[in-house]
Amino acid sequence: VSGVEKLPELVALLDELVPFDDGLCPDWDDVLARAQSETARSRSRKRVRWSWFRTGLPILASVAITVAVVVFAIGIRARHAQGVGGSGRYPYTLLDVGTFGGPSGFLDLPGVPITSQGSVLSAADTAAHDRDYPHCPPPGACSDRYIQHAAVWQDGQLMDLGALPGQNSSGIYQQNSSGVGVGASEDGLRDPFTKTVASVAVMFENGKVINLGALPGGYESGAKNIDDQGQVAGFSSNGIRDFFACYLFGANSPCGWPTQVRAVVWRHGVVRDLGTLGGSDAIVTAQNDRGEIAGQSYSSDTNLTIAPFLWKNGHMINLGTLGGTSGSANWLNDSGEVVGQSNLSYNSGYNAFLWNGRRMIDLTPRAARASANWINDRGDVTGYTCATGNGPGCTGFLWRHGKLTVLPIILRGKAWASGNSVNNLDQVVGADYGCCSTDDKPVLAALWANGHAYDLNKLVAPSALRLINANYIDDHGDIVGFGTLPNGDQRMFLLTRNTTVPLQNK
Amino acid sequence: MEEEAVWSAIESLYRARFREFERVARAITGDREVALEAVQDGFADALRHCGQWAGRGELDGWVWRCVVNRSQKARSRRVSGSPVGERPLEISKEDSGLGVRLGALPERQRLVVFLRYFADLEYREIAAALGVETGTVSATLHAAHATLRAGYEEALA
């Protein structure tokens with residue numbers, strides 16, 4: 001019945017009479033406080049009404065209620081601590097990956113957070129406070145005020161991969177099929193350029209945290225990927241003054257990194273500068289199983305033009321742009337196809353592109369702005385596309401066989417959506433955003449499959465953890481993302497597909 | 001469904017669809033601040049009395065019922081001396097014949113219109129929210145449309 005039997009003229013009138021309000025949603029805690037307050041008032045009224053009843057029964061009742069509340073609270077806590085949110089009746093079983101005693105868990109992206117062994121990679125808060133907060137590397141990039149450690153969840157256990165010696169945070173981006181992981185760790189040294197504690201690329205191997213170091217003169221580096229041959233791709237500073245490097249990390253990245261940054265690979269512990277497209281800086285986004293690397297580089301320091309690149313066979317190939325002055329790569333598949341976004345001219349918005357090995361293809365020629373976030377090994381692409389230059393009107397898309405399909409938004413109103421990852425079954429995961437800009441936070445984790453949109457919160461047994469963003473889906477249909485608890489803490493989740501239960505919103 | 005799960009589902013509904021609840025409440029009460037209060041009080045009611053729901057029907061519809069009830073109560077307090085249902089949405093668009101007719105609709109018809117147009121609820125959800133049969137919703141919306149359409153065509157004639 002939904003969507004029919006509305007008078008168009010009445011829709012317009014009602015929109016005018018009672019316009020949609022973009023105001024902030026009052027905090028949920030206010031609702032809880034009202035409920036508790038009203039309950040207390042109600043109890044008070046009852047006590048007056050039954051004041052003649054002077055036995056110890058009211059006290060016992062209060063005690064019983066208190067005990068029930070405590071047991072209930074403990075039950076929630078215990079149930080949550082176990083991370084159990086699954087039921088055989090639901091298409092997915094929810095697992096809260098957990099933490100090391102701190103409040104939150106995080107996902108380091110871009111990367112593949114589920115390994116071939118079914119492990120889940122994350123960074124989890126410890127109970128220890130971060131003395132460097134809020135001056136984390138790169139400057140201002142603290143997730144919260146706790147020390148975090150790279151973590152691997154496997155077979156019901158969250159394993160702490162540790163960090164370099166000292167009170168240091170670490171994170172993990174990827175693990176290869178041999179179980180060797182790469183990421184970054186604070187090393188306890190102070191970077192004289194950024195004036196904050198430094199963070200360097202590390203390898204997690206056989207229980208050890210191995211410092212991969214940085215380019216000569218540099219204090220900072222990070223490892224993004226490792227392939228099955230052990231080639232590690234990442235970035236490093238080199239100590240040469242340069243104030244434009246930070247822009248390569250993306251519009252939302254904190255600046256304050258005053259030296260050049262370079263795309264690098266480590267092989268057998270030796271770091272190699274991959275060079276640039278002509279400018280001073282380059283960074284790595286992703287690496288495929290063939291050791292090919294995608295990223296972006298300044299192509300000119302004079303004009304500050306940026307272009308995506310593919311590094312293969314020892315050479316950095318300039319993939320060009322869609323006609324504009326800036327483009328960046330978001331992902332590449334095992335065929336070496338690269339996706340990302342590029343502007344069409346100096347002052348235009350960004351469109352989603354696919355570099356198919358021969359040329360750049362504009363996937364969203366009619367969009368005001370768009371981005372391609374992921375490409376699977378079949379060459380199918382997901383991302384988002386917007387009808388306007390800013391504000392709402394964005395939807396996720398799946399581009400397949402030359403045709404772009406818009407993915408429906410689950411939330412109504414001024415919400416927008418984005419596809420983050422697509423598997424080889426053309427199942428897409430992403431998020432709905434409440435309103436209205438691309439800087440907004442996600443509010444609902446979504447799955448698009450077989451032409452339908454699903455709120456992932458409705459595909460799992462009810463849980464205190466609200467799933468707000470789904471970042472990756474593998475070919476088993478298992479999903480990794482993050483959600484929030486009622487108190488605002490963030491948690492990583494793993495959704496395991498129950499194939500006996502068909503996809504259907506509960 | 002366990003109480004814990006119900007609370008969680010109610011919270012999820014609040015976070016996902018607050019703006020629609022607020023819009024319907026604003027249409028009923030005619031005041032944004034009053035509407036905000038009504039929505040929060042409605043959700044608080046839903047939490048406090050979730051045992052009464054006990055899995056009967058759809059939870060969403062039941063929460064809508066709590067919010068609509070709170071909104072109606074808030075409006076009756078706000079429009080002192082006016083019984084609930086007589087002065088609905090405060091329509092001041094005097095140049096809009098459709099608006100005037102909307103304001104003159106019977107209470108139930110107006111609520112069905114609000115829930116259908118502002119919250120995009122399906123008939124069974126509206127039925128749960130108002131405590132009526134699905135067929136009643138269909139007939140009520142049909143009647144509201146007929147009244148409004150007649151007014152619209154009259155204005156064009």
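These are my notebook entries on salt bridges, a cavity and a surface patch in a predicted model.

**Entry 1: salt bridges**

I searched the whole structure for salt bridges and got 21 over all chains. I then looked up some of them one by one.

In chain A, I found the side chains of A:Lys312 and A:Glu292 joined in a salt bridge, at 3.9 Å from N to O. A:Lys312 sits in strand β16 (residues 305-312) of chain A, while A:Glu292 sits in the loop between β14 (282-287) and β15 (293-300), so this pair ties together parts that are 20 residues apart in sequence. I checked how covered each partner is. A:Lys312 has a relative accessible area of 27% and is partly exposed. A:Glu292 has 7% and is buried, because buried means under 20%.

Next I took A:Arg378, which forms a salt bridge with A:Asp380; their closest N and O atoms are 3.4 Å apart. A:Arg378 is partly exposed at 44% relative accessible area. A:Asp380 is buried at 2% relative accessibility.

**Entry 2: a network**

In chain B, I looked at B:Asp45 and B:Arg70, whose side chains meet in a salt bridge of 2.6 Å, N to O. B:Asp45 belongs to helix α2 (residues 32-48) and B:Arg70 to helix α4 (residues 59-78), so the pair links distant parts of chain B, 25 residues apart. I noted both residues as buried: B:Asp45 has a relative accessible area of 12%, and B:Arg70 has 17%. I also found that this pair belongs to one network of salt bridges that share partners, made of A:Arg34, B:Glu37, B:Asp41, B:Asp45, B:Arg48 and B:Arg70.

**Entry 3: a cavity**

I counted 3 cavities of 30 Å³ or more. I looked into the second largest, which has a volume of about 50 Å³. Its lining includes A:Ser463, A:Arg466, A:Thr484 and A:Pro486 from chain A, and B:Ser8, B:Glu11, B:Ser12 and B:Arg15 from chain B. Helix α1 (residues 3-29) of chain B gives the most to this lining, with 4 residues. I sorted the lining of the second largest cavity by class and got 4 nonpolar, 4 polar and 3 charged residues.

**Entry 4: a surface patch**

Last, I looked up a nonpolar surface patch of about 420 Å². A:Phe243, A:Phe244, A:Tyr247 and A:Leu304 make this patch. I followed A:Phe244 and found it in the loop between β11 (232-241) and β12 (259-267) of chain A. A:Phe244 counts as partly exposed, with 36% relative accessibility.

Definitions and conventions. Residues numbered from 1 in each chain as written. Chains lettered and ligands numbered in written order. Predicted model: local features only at pLDDT ≥ 70, side-chain atom pairs only at ≥ 80, totals over all residues. Heavy atoms only, no water. Patch = residues over 30% accessible without salt bridge, like charges linked within 9 Å, V, L, I, M, F, W, Y side chains within 5 Å. Areas by Shrake-Rupley, 256 points an atom, 1.4 Å probe, with all protein chains shown as cover. Salt bridge = Lys/Arg side-chain N within 4 Å of Asp/Glu carboxyl O. Helix = DSSP H or I, 4+ residues; strand = E, 2+ residues; numbered from the N terminus. Buried < 20%, exposed > 50% of the residue type's maximum accessible area, 1.4 Å probe, protein only. 1 Å grid on protein atoms, 1.4 Å probe; cavity = no way out; pocket = protein on both sides within 12 Å on 5 of 7 lines; lining within 4 Å. Points joined across faces, edges and corners; volume = space filled by probe spheres on them. Nonpolar A, V, L, I, M, F, W, Y, C, P; charged D, E, K, R; others polar.
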